[in-house]
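The following exercises accompany the structure shown below. Each task is followed by a solution in steps.

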Amino acid sequence: MHTIALPFGTAAKLHIVPEPQASASGTPFAVVVARSDELTTPTAFTKALTAPGALTAVLTHYRGMSWTDRTGEMLLVATLDRGGIVLMSFATLADAMGCRAKLRKLIGGAV
């Protein structure tokens, strides 16, 4: 088993995606991960999508998956290392909460 290292100050927040986006995507729950607490909002992520020089990543997960694969982990770390924002989307609340719990362990309880 491997362990990933997230940058110091990483924060994550779980969000419920509003309609109609939730129905359209099929993933009504999201965990936004960023280098500061202020950037862990859907608004900050959306703003970063079109901001010059900003970096964002979206990692989608099938029902029953609460964590990403190794490629997703590398993308998560690389995006955060460069000051970007990552949105991890989930089909169920339980999956999103599982992700948040794993992030809490990786960050050291500050999620």
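**Exercise 1: A residue in a helix**

L49 has a relative accessibility of 47% and therefore counts as partly exposed. This value comes from a predicted model.

Task: State in which helix L49 is found, and how far L49 lies from G84 in space.

Solution.
- Step 1. The class of L49 follows from the cut-offs, because buried means under 20% relative accessible area and exposed means over 50%.
- Step 2. L49 belongs to helix α2, which comprises residues 42-50.
- Step 3. In sequence, L49 and G84 are 35 residues apart. In space, their C-alpha atoms are 10.0 Å apart.

**Exercise 2: The two sides of α2**

Task: Determine which residues of α2 are buried and which are exposed on the other side.

Solution.
- Step 1. The buried residues in α2 include A44, F45 and A48.
- Step 2. These residues lie on the same side of α2, because the arc that they cover around the axis is only 100°.
- Step 3. A general rule is relevant here: an α-helix has 3.6 residues a turn, so residues three or four places apart point the same way.
- Step 4. T43, K47 and T50 are exposed on the other side of α2.
- Step 5. The cover over the buried residues of α2 includes β3 and β4.

**Exercise 3: The order of the sheet**

Task: Give the order of the strands in the sheet and identify the edge strands.

Solution.
- Step 1. The open sheet is formed by 4 strands, in the order β1-β2-β4-β3, with mixed pairing.
- Step 2. β1 (11-16) and β3 (56-60) are the edge strands, since each pairs on one side only.
- Step 3. From one strand to the next, the twist averages 20°.
- Step 4. Helix α3 (residues 70-81) lies across β2, β3 and β4 (85-90), and runs at about 155° to β3.

**Exercise 4: Strand β2 and its partners**

Task: Describe how β2 pairs with β1 and with β4, and explain why β2 is largely enclosed.

Solution.
- Step 1. β2 (residues 29-34) pairs with β1 in the antiparallel sense over 6 bridges. A12 has V33 of β2 as its bridge partner, and L14 stands opposite V31.
- Step 2. β2 also pairs with β4 in the antiparallel sense, over 5 bridges. There, M88 of β4 is the bridge partner of V31.
- Step 3. F29, V31 and V33 point one way from β2, whereas A30, V32 and A34 point the other way; all are buried.
- Step 4. Because 6 of the 6 residues of β2 are buried, β2 is largely enclosed by the rest of the structure.

How values were computed
Residues numbered from 1 in each chain as written. Predicted model: local features only at pLDDT ≥ 70, side-chain atom pairs only at ≥ 80, totals over all residues. Heavy atoms only, no water. Pairing = 2+ DSSP bridges. Axes fitted to C-alpha atoms, helices over the stretch in contact; angles between N-to-C directions. Contact = heavy atoms within 4.5 Å. Buried < 20%, exposed > 50% of the residue type's maximum accessible area, 1.4 Å probe, protein only. Arc of directions from axis to C-beta.
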